Structure formats: structure tokens, C-alpha cells
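Let's walk through this structure together, one piece at a time. Have the model open and turn it as you read.

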Amino acid sequence: MHTITLYTRNRCPLCDKAKAAIIELQDQWKFQLEEIDIETSDELTERYGLMIPVVHLDGEEVGFGFVDKIDISNRLQEKNQIK
């Protein structure tokens, strides 16, 4: 099963929209959603502070800022074809 990791922080409207879009994809694709608050780590805040939300699919960055649901769906399709 694939894992989508969403790097986020509190009071982030773009993060909320990204999470809603990713959750909608669970109707079509099987994956685990892992949400990580970057404010729990200085390293994550330094790495992603200006980019959030950041989306990783199986450890690979697939989007940041404005997250495109169609793009993530396409990436999931690609990953499923590789299997």
C-alpha cells in the first residue's frame, strides 16, 4: 500500500485544502495518509517552512504549495502501474 505524507502546520488554509483533496482521492486509490506538523521539528520547519503544504508519495515529493488533486491522482496511477 502506498503512503502519502502531508507536511503541514496549524492555521494553514492551503494545508486544509490539500488534506481535503487527498482525502477525496481515497475513494479512488488505496493509500495511507500520514500528516506531519512541521512545527514539531526545527529541521522540518527549516526545510518546508515556506513551501507547505508539501506532499510526498512513498517518500518522493510530488507537490507543494497549491496541491493539485489530479496531479497526485496521476502519480498514484503511475505507481500502481509500476507494481
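Start with α3, which lies across β1, β2, β3 and β4. Against β4, this helix runs at about 160°. Keep in mind that you're looking at a predicted model.

Now for the strands underneath. They make an open sheet of 4 strands, and if you read across it the order is β2-β1-β3-β4, with mixed pairing. The edges belong to β2 and β4 (60–64). Each of those has a single partner strand, so one side of each goes without a neighbour in the sheet. The sheet isn't flat, either: ignoring direction, neighbouring strands are turned by 25° against each other on average.

Take a look at β1 and β3. This pair runs in the antiparallel sense, with 4 bridges between the two strands. If you want a landmark there, find Leu 6, which stands opposite Val 55 in β3.

Next comes α1, covering residues 13–25. From first C-alpha to last, the 13 residues of this helix reach 19 Å, close to the 18 Å you'd expect at 1.5 Å a residue. Which residues of α1 are buried? They are Cys 15, Ala 18, Ala 21, Ile 22 and Leu 25. Look down the axis of α1 and you'll see these buried residues fall within an arc of 125°, so they line one face of the helix. What do they pack against? Their partners are β1 (2–8), β2 (31–37), β3 (54–57) and α3 (69–82). Flip to the face of α1 turned away from the buried side, and you meet the exposed residues Pro 13, Asp 16 and Lys 17.

Cys 15 deserves a second look, since a disulfide joins Cys 12 to Cys 15, with 2.3 Å from S to S. As a reminder, a disulfide is a covalent bond between the sulfur atoms of two cysteines. The count for this model comes to 1 disulfide. The angle about the S-S bond is 70°, and the link of Cys 12 and Cys 15 is right-handed. Are the two cysteines buried or exposed? Cys 12 has 9% relative accessibility, so it counts as buried. Cys 15 is at 2%, so it counts as buried too.

Finally, let's check the backbone for oddities. Most residues other than glycine have a negative phi, and most peptide bonds are trans. Where does this model depart from that pattern? Arg 11 has a positive phi of about 55° although it is not a glycine. You'll find Arg 11 in the loop between β1 and α1, and at 75% relative accessibility it counts as exposed. Asp 58 also has a positive phi, near 50°, and is likewise a residue other than glycine. Its place is the loop between β3 and β4, and with a relative accessible area of 35%, Asp 58 is partly exposed.

One last stop is a peptide bond. Going from Ile 52 to Pro 53, the bond is cis, with omega near 0°. Pro 53 sits in the loop between α2 (42–48) and β3.

Notes. Residues are numbered from 1 along each chain as its sequence is written. This is a predicted model: local features need pLDDT of at least 70, side-chain atom pairs count only at pLDDT 80 or more; totals for chains, interfaces and linings use all residues. Side-chain values use heavy atoms; hydrogens and water are left out. The expected span of a helix is 1.5 Å times one less than its number of residues. Buried means under 20% relative accessible area, exposed over 50%, partly exposed in between (1.4 Å probe, protein chains only). The arc is that of the directions from the helix axis to the C-beta atoms. Contact means heavy atoms within 4.5 Å. A disulfide is a pair of cysteine sulfur atoms within 2.5 Å. Two strands pair if DSSP finds at least two bridges between them. Axes are lines fitted to C-alpha atoms, for helices over the stretch in contact, and angles run from 0 to 180 degrees between N-to-C directions.
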